[in-house]
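Subject: Structure for you to look at

Hi,

Here's the structure I promised to send over. Have a look at it in your viewer first, then read on below.

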Amino acid sequence: MDLRFTDKELAFRDDVRAFFKQALPPQIRDRITSGHHPTKDDLVTWQRILNAKGWAVPHWPREWGGTDWTPVEQYIFQEEMQMAPAPQPLPFGVNMVAPVIYTFGSEAQKQRFLPRIANIDDWWCQGFSEPGAGSDLASLKTRAERQGDHYVVNGQKTWTTLAQYADWIFCLVRTDPAAKKQMGISFLLIDMTTPGVTVRPIQTIDGGAEVNEVFFDDVRVPVENLVGEENKGWDYAKFLLGNERVGIARVGVSKERIRRIKQLAAIELAGGRPLIEDRRFREKLAAVEIELKALEITQMRVVAAEGRRERGKPDPASSVLKIKGSELQQATTELLMDVIGPYAMPYDPHSEEGSNEPPVGPDWAAMIAPNYFNTRKVSIYGGSNEIQKSIIAKAVLGL
């Protein structure tokens, strides 16, 4: 298998790279480079820039704003965006609920939601995990009882990322409590302004509040907001999670972090010499780079096989990408901690977002430790790595 880019693909990469360099607002790039999370305004601004270019949803069908790019071109686009570095379009809308809607939803749902998702006119969040139903998602207890032309929803979701901003939430709810647990689940779209919806923030170990609890108390949801068939939501959830895991490897993010590590290690001193000259540090860095290259090649193999798979059937090998990608994201933040050393200790959770400090110094480095702690979660969300190993054993190895 020849994994080299063709001349056409290299030209495409140059065009994408030039656009990101010209169109990405400097304050957004600086905020991300300095280790801060992009703000809500950053995400909206950038996604609308992409949408005006026709690039906000390149993987969608062309009739809804897609580009007809090849899988390789889509891979190049994602990697260049991560390396710019630029924010990803809001994944809960663009990568999660939208493919479910355009694959399984009604025509009315497509017309109503897809253009607004592309332009981020609606902010979406994901209502899957519950207390006691995280990795074992099929154990969820949130109920939706049909009453005429509405479902009445009661229950709780947790770890709901950015729900504090959300206009809509897509939820897995139990509609047939008597059925086998995977068979009695439906996929509902719920307006967050509906009476009975309550959002409560959860403070994370890095001091942030990006995740939330969401409570539903007699929330009335129109039946027209059911996606697909009642009690078929588990199939739609598997489809969604399979798509999510391909992008979760985030090879470009790890590449950009390696670039940053080398830049900082050339400045920081250890024993009177730049840290990058220390043999043991170079060995650790090289080991991570080798694993990252192996992950990149594996991802390109998955991308190359994309055209041979049935539409709507994610490659179970994406679980490999999820496991290794999350491990490498954690490994690169550990290397950053090694480079910064004691500068990583102070942290002011109220410091100004997007501070444009020099690349090395107490203020900039104070974001390294929060990022390190925050990255511990990547081996859990999108299906924990333990669950992914079971998927690989069954679907890939046939054990």
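Below are my notes on a cavity, a helix and a loop residue.

One thing to keep in mind: this is a predicted model, so treat everything here as computed from it.

Let's start with the empty space. Searching the whole structure for cavities of 30 Å³ or more turns up one. The largest cavity has a volume of about 40 Å³. If you want to find it, look for Ala56, Pro58, Gln78, Gln88, Pro89 and Asn95, which line it. Sorted by class, that lining has three nonpolar and three polar residues, and no charged ones.

Next, try helix H10, which covers residues 318-340. How far does H10 reach from its first C-alpha to its last? The span is 33 Å for 23 residues, close to the 33 Å expected at 1.5 Å a residue. H10 is also mostly covered, with 17 of its 23 residues buried. Right after H10 comes Gly341, and its phi is positive, near 60°. While you're looking at a helix, here's a handy rule: an α-helix has 3.6 residues a turn, so residues three or four places apart point the same way.

Last stop: Asn231. You'll find Asn231 in the loop between strand S7 (211-222) and helix H7 (233-247). Which side chain does the Asn231 side chain make a polar contact with? That partner is Thr175, at 2.5 Å. Leaving out residues up to four places away in sequence, Asn231 touches Thr175, Asp176, Met183, Gly184, Ile185 and Ser186.

Have fun exploring!

Conventions:
Residues are numbered from 1 along each chain as its sequence is written. This is a predicted model: local features need pLDDT of at least 70, side-chain atom pairs count only at pLDDT 80 or more; totals for chains, interfaces and linings use all residues. Side-chain values use heavy atoms; hydrogens and water are left out. On a 1 Å grid over the protein atoms alone, a cavity is a set of points where a 1.4 Å probe fits but cannot get out, and a pocket is an open set with protein on both sides within 12 Å along at least five of seven lines; lining residues have an atom within 4 Å of a point. Grid points are joined across faces, edges and corners, and a volume is the space filled by probe spheres set on the points. Ala, Val, Leu, Ile, Met, Phe, Trp, Tyr, Cys and Pro count as nonpolar, Asp, Glu, Lys and Arg as charged, and the others, Gly among them, as polar. Helices (H or I, at least four residues) and strands (E, at least two) are DSSP runs, numbered from the N terminus. The expected span of a helix is 1.5 Å times one less than its number of residues. Buried means under 20% relative accessible area, exposed over 50%, partly exposed in between (1.4 Å probe, protein chains only). A polar contact is a pair of N or O atoms within 3.5 Å; within protein, one must be able to donate a hydrogen and the other to accept it, and residues adjacent in sequence count only if both atoms are side-chain atoms. Contact means heavy atoms within 4.5 Å.
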